[in-house]
Amino acid sequence: MKESIFVIFVIAMVTICFLINAPMVFGEPKMGVIVVDLQGDFTTYKNGSLAVEGTDEAFVNKVRKVTQELRAKGYPIFGTQDWHPADHISFYSNHAGKKPFEAIQIDGRTQVLWPPHCVQETENARVLVDNNLFLAIVKKGKDKKFDSYSGFQDDGGATTEMNQILQKTGIKELIVYGIATDYCVKATAIDAVAAGYKVTVIEGLSKGVAPDTTAKALEEMKAKGIIIKADLEM
Ligand code: VGL
Ligand code: ZN
């Protein structure tokens, strides 16, 4: 009789210890980070061809510092890199008589025509955050026929390796920031939510091409369930 009470006591204690430690045993939902297009051509810091307002050296250094801190805390860091061939469809100079920032229709899609930027293997296509911090940097916009604001897929629907890499890493939640809020940050965050991740966009670590499209992008992201945080408190 005494023995069976002892056995029940031991089983109860083991069960209680297991329940208390369950979050540690099974792990918290795994959080990853996507740093979007932190490249010279999008910054005033590097005199970029498509420099976005507010992307001076102080901004880039802030993104570098936070990314370093997130890495030090153990979060897996991923990046996207705009990586266009010189004859890319999104460059105004590849369309006779067109001007930068004009929008045209191509096969039923709206294509904004940009100054040539992030041309493969050029100085200003480099990612300005320490490349050693990243588990992977996903290149996008490599196909001359399609633009690719999203890090997950291009305008033709061809997927990148992003989702596969995140799944392999066991990521469930994502922090997203970078350039530009109204184009590549927005498209990447929206595709991440569509792929089933819980997404938080950090407004203070992102800059937009224009105020009106940036305000609209933030509203659109919120409407899709994306959390918008002013800054990361660490
Ligand atoms: C981007 C315009 C063209 C971006 C990329 O990174 O937001 N914007 N290509
Ligand atoms: Zn581009």
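A cavity is a set of grid points where a 1.4 Å probe fits but cannot get out. A molecule sits in a cavity if more than half of its atoms lie within 2 Å of the cavity's grid points. In this predicted model, ligand 1 sits in the largest cavity.

The residues around ligand 1 are Asp37, Phe42, Asp82, Trp114, His117, Tyr149, Ile179, Ala180, Tyr183 and Cys184. By class, this shell divides into 7 nonpolar residues, 1 polar residue and 2 charged residues.

Polar contacts link ligand 1 to several members of the shell. A side-chain N or O atom of Asp82 is 3.0 Å from a nitrogen atom of ligand 1. His117 places a polar side-chain atom 3.1 Å from a nitrogen atom of the ligand. With Ala180 the backbone takes part: one of its polar backbone atoms is 3.0 Å from an oxygen atom of ligand 1. On its own, ligand 1 has 260 Å² of accessible area, and the protein covers 99% of this.

Asp82 and His117 also appear at the metal site. Together with His84, they are the protein donors of the zinc ion (ligand 2). Asp82 contributes OD, while His84 and His117 each contribute NE2, and these donors lie 2.0 to 2.2 Å from the zinc ion. Along the chain, the donors of the zinc ion follow the spacing D-x1-H-x32-H. The arrangement around the zinc ion is irregular because its 4 donor atoms subtend angles of 87 to 170°.

Methods:
Residues numbered from 1 in each chain as written. Chains lettered and ligands numbered in written order. Predicted model: local features only at pLDDT ≥ 70, side-chain atom pairs only at ≥ 80, totals over all residues. Heavy atoms only, no water. Near = heavy atom within 4 Å. Polar contact = N/O pair within 3.5 Å; in protein donor to acceptor, adjacent residues only side chain to side chain. Areas by Shrake-Rupley, 256 points an atom, 1.4 Å probe, with all protein chains shown as cover. 1 Å grid on protein atoms, 1.4 Å probe; cavity = no way out; pocket = protein on both sides within 12 Å on 5 of 7 lines; lining within 4 Å. Nonpolar A, V, L, I, M, F, W, Y, C, P; charged D, E, K, R; others polar. Donors = N, O, S within 2.8 Å, 3.2 Å for Na, K, Ca; no water. Tetrahedral: all angles 85-135°; square planar, octahedral: opposite > 155°, others 65-115°.
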